[in-house]
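Reader: Please walk me through this model, one feature at a time.

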Amino acid sequence: QVQLVSSGGGSVQAGGSLRLSCTASGTLVGINSMGWYRVYPGNQRELVARITTDGTTNYADSAKGRFTISGDSAKGTVTLQMNSLKPEDTAVYYCNAVALFGVATANYWGQGTQITVSS
């Protein structure tokens, strides 16, 4: 089992910056990637950014150029630096870790963190 604990977030005005951090504990064997999802009102979920154990990153188009994910998913740490925040970034953000066990996949989730960007 993997436990994810995230920190950071909060409220900021448009154009501001926030940082989210996530730390995994427990059995980290098999962790392939870590990242952040966000859930909008109405429960629409979107992958914001992800980093794999080899350092490969991918971002939602809406996050490219503004957000930076970093960390070491093999060691269970990931940070999301969010700059130039927009009101449409307002959502609940969840840390996610994906573990691969042969053909099986396990998803682990941290507690949600509210991000509110005011105009």
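Author: We go from the strands to the overall form, then to the cysteines. This is a predicted model, where local features need pLDDT of at least 70, side-chain atom pairs count only at pLDDT 80 or more, and totals for chains, interfaces and linings use all residues. Residues are numbered from 1 along each chain as its sequence is written, and side-chain values use heavy atoms, with hydrogens and water left out.

Reader: How many helices and strands are there in the protein chain?

Author: Helices (H or I, at least four residues) and strands (E, at least two) are DSSP runs, numbered from the N terminus. Here the protein chain has zero helices and eleven strands.

Reader: What does the radius of gyration say?

Author: It is taken over C-alpha atoms, and the globule rule is 2.2 Å times the number of residues to the power 0.38. For 119 residues, a compact globule would have a value near 14 Å; the protein chain has 14 Å, which agrees. Its C-alpha atoms fill a box of roughly 45 × 25 × 20 Å along the principal axes.

Reader: What share of the residues is buried?

Author: Buried means under 20% relative accessible area, exposed over 50%, partly exposed in between (1.4 Å probe, protein chains only). In the protein chain, 42% of the 119 residues count as buried.

Reader: Which residues form a disulfide?

Author: A disulfide is a pair of cysteine sulfur atoms within 2.5 Å. The whole structure has one. C22 and C95 form it, with sulfur atoms 2.0 Å apart. The pair links distant parts of the chain: C22 lies in strand β3 (residues 18–26) and C95 in strand β9 (residues 91–101), 73 residues apart. The link of C22 and C95 is left-handed, at -90 degrees about the S-S bond.

Reader: Are C22 and C95 buried or exposed?

Author: Both C22 and C95 are buried.
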